[in-house]
Amino acid sequence: MTAPLLSAEDLARHHPLPRPHPLAPRAVFKAVDGVSFALEQGELFGIVGESGCGKSTLARLLMLLEPATAGRVVFRGEDLLALSPAALKRRRRGFQMVFQDPYGSLDPRLPVGRIVAEPLRLEPEASGVGVRRERVAESLTAVGLAVADAAKYPHEFSGGQRQRIAIARALITRPALIVADEPVSALDVSVQAQVLNLLLDLRESHGLTYVLISHNLAVVEQVCDRLAVMYLGRFVESGPTAALFAEPAHPYTRLLLEAVPSTDPARRRGRRTVPDPAPAPPGGCPFQPRCPLAVERCKLEAPALREIAPGRQAACHLV
């Protein structure tokens, strides 16, 4: 077996909270709390969960845009957190990110050509004007835009076109990995389909590997090979997308799927809504205050993420 392209090992990001008074112990908010997974070359791995569960923080940790409190990020066999700043800068060309908001992620003062070419600062050999112009044209063409669009400004494009520009910027260093944080959530439904199809086409033509962050289960069901469900900074279930949708194991995953609007009468039958958020208990399962199946053990002991079938994991005492 080949080594995974990317792996996260017990990755955590904790934020100290202000003390209510000087003598009080300092509390900690665990935005990401011990996440581990491995990603194979060419795979499309989805991460879903409610707003505030830590998905975007995890994306920034994987891209080293935010310091990790603990854990490792291993890319192509190297622990990125252990690299010097100069060595990390050289490695960054191998992984890029597409941000959620196509209106806020592009500098409105710069023409598209300069925006797309900006990551080439990581490649000294691409500093020539001719090389930069050729690479920009290559990236714009790959995402379905015209070469002449390089002279325009972001305000001259629609939301879907702006996201294509953001994808072109990510492609220009010819990376192996792209982390896409809610890449279609700010777009209309018809435009969402176009951007998702573009991501799939680029995976085939460029051999890309993706981590796709989303709160939209319909999106990940259509495009992802594997899926992880995140709750309060932890993965509570993971496995092949088709198997997870057919037989969700964790109660939180079941509630999420039952809450998805559907025209299928079989899916609508017995549909429930996800209970409102509740504070996690100091001990026990974090989902226990909202879980309709919780037992006494759930209040006392936090379940570990364990294998329940080949390729599938869940963190629940009742599975």
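Buried means under 20% relative accessible area, exposed over 50%, and partly exposed in between. These legends describe close-up views of a predicted model, and the burial terms are used in that sense throughout.

**View 1. Salt bridge between Arg-135 and Glu-123**. The side chains of Arg-135 and Glu-123 meet with an N to O distance of 3.2 Å. Arg-135 belongs to helix H4 (residues 129-142), while Glu-123 sits in the loop between helix H3 (112-117) and H4; the two are 12 residues apart, and the pair is a link between distant parts of the chain. Glu-123 has a relative accessible area of 6% and is therefore buried. Arg-135, with a relative accessible area of 8%, is buried too.

**View 2. Salt bridge between Glu-43 and Arg-226**. This contact is one of 16 salt bridges found in a search of the whole structure. The side chains of Glu-43 and Arg-226 come to 2.4 Å, N to O. Glu-43 is placed in the loop between strand E2 (28-39) and strand E3 (44-48), and Arg-226 in strand E9 (residues 226-231), so parts that are 183 residues apart in sequence are tied together by the pair. Its two members differ in burial class: Glu-43 is buried, at 11% relative accessible area, whereas Arg-226 is partly exposed, at 22%.

**View 3. Salt bridge between Arg-203 and Asp-225**. The closest N and O atoms of Arg-203 and Asp-225 are 2.7 Å apart. Since Arg-203 lies in helix H6 and Asp-225 in the loop between H7 and E9, the pair ties together parts that are 22 residues apart in sequence. Arg-203 has a relative accessible area of 17% and is buried. For Asp-225 the value is 34%, so this residue is partly exposed. Elsewhere, Glu-9, Arg-72 and Asp-79 are joined into one network by salt bridges that share partners.

**View 4. Packing of helices H5 and H6**. Helix H5 (residues 159-171) packs with helix H6 (residues 189-206) at an angle of about 20 degrees, and their axes are 10 Å apart. H5 is therefore roughly parallel to H6, since angles under 35 degrees count as roughly parallel. The crossing in which H5 passes H6 is right-handed. H6 is also the helix that holds Arg-203 of the salt bridge with Asp-225.

**View 5. The loop between H1 and E4, with Leu-64 and Glu-66**. Leu-64 is found in this loop and has a positive phi of about 60 degrees although it is not a glycine. With a relative accessible area of 15%, Leu-64 is buried. Glu-66 has its place in the loop between helix H1 (55-62) and strand E4 (70-75). Its relative accessibility is 13%, so Glu-66 counts as buried. Glu-66 and Arg-13 are 53 residues apart along the chain, and their C-alpha atoms are separated by 8.6 Å.

**View 6. Positive phi at Glu-182**. Glu-182 is not a glycine, yet has a positive phi of about 50 degrees. The residue lies in the loop between strand E7 (177-181) and H6. At 8% relative accessible area, Glu-182 is buried.

**View 7. Val-220 in helix H7**. Val-220 has its place in helix H7, which covers residues 217-223. Its relative accessibility is 0%, so Val-220 counts as buried. Val-220 and Leu-177 are 43 residues apart in sequence, and in space their C-alpha atoms are 18 Å apart.

**View 8. Nonpolar surface patch of Leu-293, Val-295 and Leu-318**. Together, Leu-293, Val-295 and Leu-318 make a nonpolar patch of about 230 Å² on the surface. Leu-318 is found in the segment after strand E12 (312-314). With a relative accessible area of 42%, Leu-318 is partly exposed. That value fits membership of the patch, because patches are made of residues with over 30% relative accessible area and no salt bridge.

Conventions: Residues numbered from 1 in each chain as written. Predicted model: local features only at pLDDT ≥ 70, side-chain atom pairs only at ≥ 80, totals over all residues. Heavy atoms only, no water. Patch = residues over 30% accessible without salt bridge, like charges linked within 9 Å, V, L, I, M, F, W, Y side chains within 5 Å. Areas by Shrake-Rupley, 256 points an atom, 1.4 Å probe, with all protein chains shown as cover. Salt bridge = Lys/Arg side-chain N within 4 Å of Asp/Glu carboxyl O. Helix = DSSP H or I, 4+ residues; strand = E, 2+ residues; numbered from the N terminus. Buried < 20%, exposed > 50% of the residue type's maximum accessible area, 1.4 Å probe, protein only. Axes fitted to C-alpha atoms, helices over the stretch in contact; angles between N-to-C directions. Parallel < 35°, antiparallel > 145°, perpendicular 65-115°, else oblique. Left-handed = near helix turned anticlockwise from the far one by under 90°.
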